[in-house]
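Reader: Hi! Could you walk me through this structure, please? I'm new to this.

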Amino acid sequence: MRSAIVTRPLDPGALLREVATTRCGATALFVGTVRDLHDGRAVTGMDYEAYAAMAERELADIVAEAVARFGTGQVVCEHRTGALALGDASVAIAVAHPHRSPAFDACRYVIEELKRRVPIWKREHYADGTRQWVDPTGAARPRAAR
Amino acid sequence: MSASATVLLFAAYADALGTSQLTMPVGDGTTVRDLLAALAQRPGADRLPPSPLVAVNRRYASVGDLVRSGDEVAVIPPVAGG
């Protein structure tokens with residue numbers, strides 16, 4: 001298992017290779033990318049800021065929880081911070097497991113808990129030149145995976 | 001040197017207070033609630049919610065938790081990672 005907050009571009013393929021083992025017949029990969037529309041407004045880019053020391057620890061806790069709950073040590077997650085362009089990957093999670101169902105479940109667990117607990121914030125840049133911190137409490141909060 | 005805690009502010013909260021780090025005095029029995037009340041007196045603090053999330057020494061804390069000299073207290077806006 002491994003997790004990190006990084007400032008370099010993410011390489012999902014490298015995460016897949018990192019978790020690969022012949023014991024595992026299933027690998028789930030989640031990649032979150034910067035999209036071009038939020039609440040009807042055209043988005044041109046995104047800044048991610050983290051409380052790095054706490055974010056690293058919280059993310060490591062979540063990955064360790066996934067390892068314990070779903071019975072595989074093959075879990076890696078990286079979250080990128082800094083200025084990202086449209087289409088750039090902001091988060092990548094790879095999970096390998098002997099079987100597909102817990103591979104999907106563990107991957108889902110990591111992204112949902114990350115969005116709920118890890119102190120990271122994003123500021124959207126809009127086509128009209130303005131910028132705004134995203135406040136997800138205006139929308140339905142993601143629930144913890146079971 | 002008097003007893004103090006470091007208060008960290010992030011994202012929209014740092015913009016509201018105009019700084020990302022403050023040093024605030026603490027004494028015997030100072031709680032997170034007390035620090036938030038003192039923070040609320042500062043210019044721009046009206047843009048913070050009445051009960052923001054707080055972490056003490058990088059773990060989520062409750063308003064009744066004690067804050068000791070040298071502690072790192074972070075006031076945490078709604079998280080938006082992913």
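Author: Happy to! Let's start with chain B: its 82 residues would give a compact globule a radius of gyration near 12 Å, and chain B has 12 Å, which agrees. That radius is taken over C-alpha atoms, and the globule rule is 2.2 Å times the number of residues to the power 0.38.

Reader: Where does the model come from, and how are things labelled?

Author: This is a predicted model, where local features need pLDDT of at least 70 and side-chain atom pairs count only at pLDDT 80 or more, while totals for chains, interfaces and linings use all residues. Residues are numbered from 1 along each chain as its sequence is written, chains are lettered from A and ligands numbered from 1 in the order in which they are written, and side-chain values use heavy atoms, with hydrogens and water left out.

Reader: Thanks! How many helices and strands are in chain B?

Author: Chain B has two helices and five strands, in the order β-α-β-α-β-β-β along the sequence. Helices (H or I, at least four residues) and strands (E, at least two) are DSSP runs, numbered from the N terminus.

Reader: And what does chain B span along its principal axes?

Author: The C-alpha trace of chain B spans about 35 × 25 × 20 Å along those axes.

Reader: What share of chain B is buried?

Author: Buried residues make up 48% of its 82 residues. Buried means under 20% relative accessible area, exposed means over 50%, and partly exposed is in between (1.4 Å probe, protein chains only).

Reader: Can you show me one residue in a strand?

Author: Sure, take Ser4(B), which sits in strand β1 (residues 4-9) of chain B. Ser4(B) counts as buried because its relative accessible area is 16%. Leaving out residues up to four places away in sequence, Ser4(B) touches Thr23(B), Met24(B), Pro25(B), Val26(B), Arg68(B), Ser69(B) and Gly70(B). A contact here means heavy atoms within 4.5 Å.

Reader: Now a loop one: where is Thr19(B)?

Author: Thr19(B) is in the loop between α1 (11-17) and β2 (21-25) of chain B. With 25% relative accessibility, Thr19(B) is partly exposed. Beyond residues up to four places away in sequence, Thr19(B) touches Leu9(B) and Ala14(B). The C-alpha atoms of Thr19(B) and Leu9(B) are 7.1 Å apart, although the two residues are 10 apart along the chain.

Reader: Switching to chain A: is Leu114(A) buried or exposed?

Author: Leu114(A) is buried, at a relative accessible area of 0%. This leucine lies in helix α3 (residues 100-117) of chain A.

Reader: Which residues does Leu114(A) touch?

Author: Not counting residues up to four places away in sequence, Leu114(A) touches Leu59(A), Ile62(A), Cys77(A), His79(A), Val91(A), Gly81(B) and Gly82(B). His79(A) is 35 residues from Leu114(A) along the chain, yet their C-alpha atoms are separated by 9.5 Å.

Reader: You mentioned a cysteine. How many disulfides are there over all chains?

Author: Zero over all chains, where a disulfide is a pair of cysteine sulfur atoms within 2.5 Å. For Cys24(A), the nearest cysteine sulfur is that of Cys107(A), 13 Å away.

Reader: Why is Cys107(A) too far for a bond?

Author: Because the closest cysteine sulfur, in Cys77(A), is 8.6 Å from the sulfur of Cys107(A). Cys107(A) is buried, with a relative accessible area of 6%, and Cys24(A) is buried too, at 12%.
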